[in-house]
Amino acid sequence: MTYRREILLAVIILAIVVGVGLRAPAFVTPSSLIGVVTDTSLLFMLTLAQMAVLLTRGIDLSVAANLALTGMVVALASRAAPGIPIAAIIVLAVGFGAALGLINAVLIAGLGIPPIVVTLGTLAVYRGMIFVIAHGAWLTSKDMSPAFLAVPKAEFLGLSSLIWIAALVSVAAWVFLNHTSAGRALYAVGGNPVAARYCGIDLARQQLRVYTISGAVAGLCGYLWVSRYGIAYSDIAIGYELTVIAACVIGGVSIAGGVGSVPGALLGALFLGVIVNALPVINVSPFWQMAISGAVILAAVIVNSRSERQTGKLILPEARRKAANAAGGA
Amino acid sequence: MSEVTASTRYRVSDHAPRTLADFLLRWETILVALLVLTVAVNSILTPYFLDRDNLLDATFNFSEKAMIALGMALLIIVRDIDLSVAAIVALVSLLMGLAAQAGADTGVLLLVALATGSVCGMVNGALVTGLALPSIVVTIGTMSLFRGIAQVSLGDQALTKYPEALLSIGQGYIGANVPYSFVTFLLLALVVAFVLHKTPLGRRIFAIGANPEASKFSGIPVARIRFGLFVVSGFLSGLAAWFLTGRIGSTRPNIAQGWELEAVTMVILGGVSIAGGSGTIPGVMLAVFVLGLTTFGMSLMNVPGIVISVLLGLLLITVLAAPIVARRWLARRR
């Protein structure tokens with residue numbers, strides 16, 4: 001396995017950081033750079049989870065709505081029972097998120113409805129349920145217990161707990177995707193569903209697993225988002241699912257399934273994190289952020305499609321022609 | 001997306017429905033039943049629903065989206081998708097606003113809208129067919145790009161200087177009470193339905209969706225048709241932007257936010273397979289009316305918009321899941 005694309009992306013990110021640093025030296029101080037990574041922590045986790053889904057040729061558009069709904073649920077729990085231990089809150093967040101993910105999973109794997117349709121529907125439902133369960137109210141840090149709010153502020157060895165949690169999730173993702181048969185199966189069903197089935201890998205089972213995982217990660221991020229920003233209402237993280245998918249695309253994850261690596265996904269997320277944090281530093285209006293990320297997504301998908309063509313060992317000219325045709329017709 | 005052929009919803013039959021069961025299980029029949037149910041429930045719940053003028057006024061809220069859904073339906077039938085439609089609306093509205101500030105009249109604004117929309121569609125089409133990129137990624141990218149440009153130019157400002165004539169088309173009626181936008185939608189639907197269901201081009205569009213490889217080897221200009229459909233989608237988005245800008249009389253960067261997903265919902269509920277190759281325009285129109293009238297009925301009863309979206313999401317999932325569950329249940333009993 002070579003990491004040419006990942007190295008290229010890392011070099012580009014480094015160049016941006018250095019370039020911004022030349023104009024605004026304050027940006028490249030260790031504390032500022034750590035701040036960027038802390039800011040991007042949730043995006044790291046969500047991007048890894050989305051990558052797992054994309055590997056199976058699926059898509060989960062409901063992650064941001066799941067995040068917001070789970071965030072509201074734990075905030076309501078904290079308001080109702082301020083003494084509730086923080087471990088219970090985290091278990092609740094992960095469990096509730098996983099349950100929402102399981103709903104997607106059952107509709108997709110059990111009933112065979114296409115993932116994009118299912119998660120489009122649950123996106124609207126989950127997002128609206130926030131309004132319904134909170135009766136339209138906004139919960140602020142006043143409604144949350146000090147212990148609830150303390151987790152994202154906690155530090156260990158000078159790094160925010162958010163970074164540690166993201167690191168933990170990243171290592172888990174790395175081990176899962178590279179060193180377990182369940183993880184390899186995701187690449188198999190995405191790379192070649194027919195061959196995977198002949199190998200005895202059941203697509204429905206992989207889907208069931210991967211959408212539940214995606215939901216669980218979204219739930220965890222829901223708690224962290226709400227406790228970090230100290231606010232829960234129906235519009236938090238609205239449209240964030242597309243940022244997550246953008247990070248995947250920039251990181252070289254193929255929307256057609258079967259292609260993607262943990263370092264790539266992390267770098268894709270880091271790229272967006274650096275852009276978001278660098279623009280205000282060099283006095284560029286934050287309104288540029290959206291246009292830039294659009295241009296970057298397009299550049300990334302063009303670059304990736306060029307490099308994908310060279311991968312794979314095509315020995316015969318016929319096979320090469322067939323592959324070119326398939327790429328043209330897809 | 002695999003193995004959706006098992007459901008009758010996505011079956012392309014080689015003959016007209018023969019038996020009553022065939023006819024009853026057609027997707028359009030289910031939608032008609034749903035539409036009747038929607039009208040019945042709303043009429044019982046509120047006396048203001050079944051009123052000719054009220055119903056015609058309700059079309060203001062979905063006609064523009066429905067125009068976009070027509071282009072979306074064609075793209076989804078050929079296995080593509082255009083998530084940038086709402087961003088095109090924003091970009092078109094921006095350019096209309098700038099042109100209006102420069103003194104353009106309503107006719108020129110229409111040209112600006114249609115040209116800008118078509119150019120945006122060409123950008124999408126060129127990237128997807130010219131460079132062989134997946135349309136979902138390309139249009140997520142152009143969505144950010146187009147709306148980003150509108151955001152950079154407008155910031156937190158709004159453009160509000162539009163000619164009276166534009167406003168009176170966006171908000172006005174043909175005759176006593178039929179909105180211009182609704183009539184336009186109906187005419188467009190007629191044209192699209194004719195082309196899709198009654199011309200060789202329409203058969204080619206279905207063929208591409210059913211099997212792009214085989215279509216290419218049959219001599220169908222696959223890339224050119226897909227490119228053309230992206231331009232159609234951009235053109236219709238431009239037209240929708242012209243009506244929408246006239247109706248609300250202002251341009252903000254968040255104009256038409258989230259419409260891409262609403263248009264996709266109309267198309268999917270209308271029975272177009274997301275896997276491509278099947279679907280009908282009458283189906284999409286029925287879905288437009290079901291969604292539009294449900295929204296209208298609930299807003300008459302003061303249900304908040306976000307709660308309506310929960311019900312529409314549930315409707316989408318239930319309508320898709322119910323036939324599958326029912327069929328499995330029937331199969332088990334046999």
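Is F131(A) buried or exposed? In this predicted model, F131(A) has 21 other C-beta atoms within 10 Å. Since 20 or more is the threshold for burial, F131(A) is therefore classed as buried. The residue is found in helix α5 of chain A. Leaving aside residues up to four places away in sequence, F131(A) touches G136(A) and S234(A), and also P304(B), I306(B) and V307(B) of the other chain. The C-alpha atom of D235(A), 104 residues away along the chain, is separated from that of F131(A) by 9.2 Å.

The contacts of F131(A) with chain B lead to the interface. Here 41 residues of chain A are in contact with 47 residues of chain B. On the side of chain A that touches chain B, at least two residues each are supplied by α5 (115-134), α11 (240-250), α13 (288-310) and α14 (317-329) of chain A. Helix α5(A) gives the largest share, 12 residues. Sorted by class, this side of chain A has 30 nonpolar and 11 polar residues, and no charged residues.

Next comes chain A as a whole. Its secondary structure comes to 14 helices and 4 strands. Along the principal axes, the C-alpha atoms of chain A fill a box of roughly 65 × 55 × 35 Å. The radius of gyration of chain A is 20 Å, which agrees with the value near 20 Å for a compact globule of 330 residues. Of the 330 residues in chain A, 48% are buried. Among contacts in chain A between residues at least 6 apart in sequence, 77% join residues at least 24 apart.

The nonpolar interior can be followed from here into chain B. The largest nonpolar core has 204 residues. Those with the most contacts inside this core include V249(A) from chain A, and A69(B), A73(B) and V284(B) from chain B. V284(B) touches A69(B), L70(B), A73(B), M266(B), V267(B), G270(B) and V272(B), again not counting residues up to four places away in sequence.

Helix α10 of chain B, residues 200-210, shows how burial can be distributed around a helix. Its buried residues are I205(B), I208(B) and G209(B). These cover an arc of only 100 degrees around the axis, so they lie on the same side of α10(B). What covers the buried residues of α10(B) includes four helices of chain B: α4 (60-77), α9 (180-198), α11 (212-217) and α12 (222-248).

Key:
Residues are numbered from 1 along each chain as its sequence is written. Chains are lettered from A and ligands numbered from 1 in the order in which they are written. This is a predicted model: local features need pLDDT of at least 70, side-chain atom pairs count only at pLDDT 80 or more; totals for chains, interfaces and linings use all residues. A nonpolar core is a set of buried Ala, Val, Leu, Ile, Met, Phe, Trp, Tyr and Cys residues joined through C-beta atoms within 7 Å. A residue is buried if 20 or more other C-beta atoms lie within 10 Å of its own, exposed if 12 or fewer, and partly exposed in between; C-beta atoms are placed from the backbone. Two residues are in contact if their C-beta atoms, placed from the backbone, lie within 7 Å. The radius of gyration is taken over C-alpha atoms; the globule rule is 2.2 Å times the number of residues to the power 0.38. Ala, Val, Leu, Ile, Met, Phe, Trp, Tyr, Cys and Pro count as nonpolar, Asp, Glu, Lys and Arg as charged, and the others, Gly among them, as polar. The arc is that of the directions from the helix axis to the C-beta atoms.
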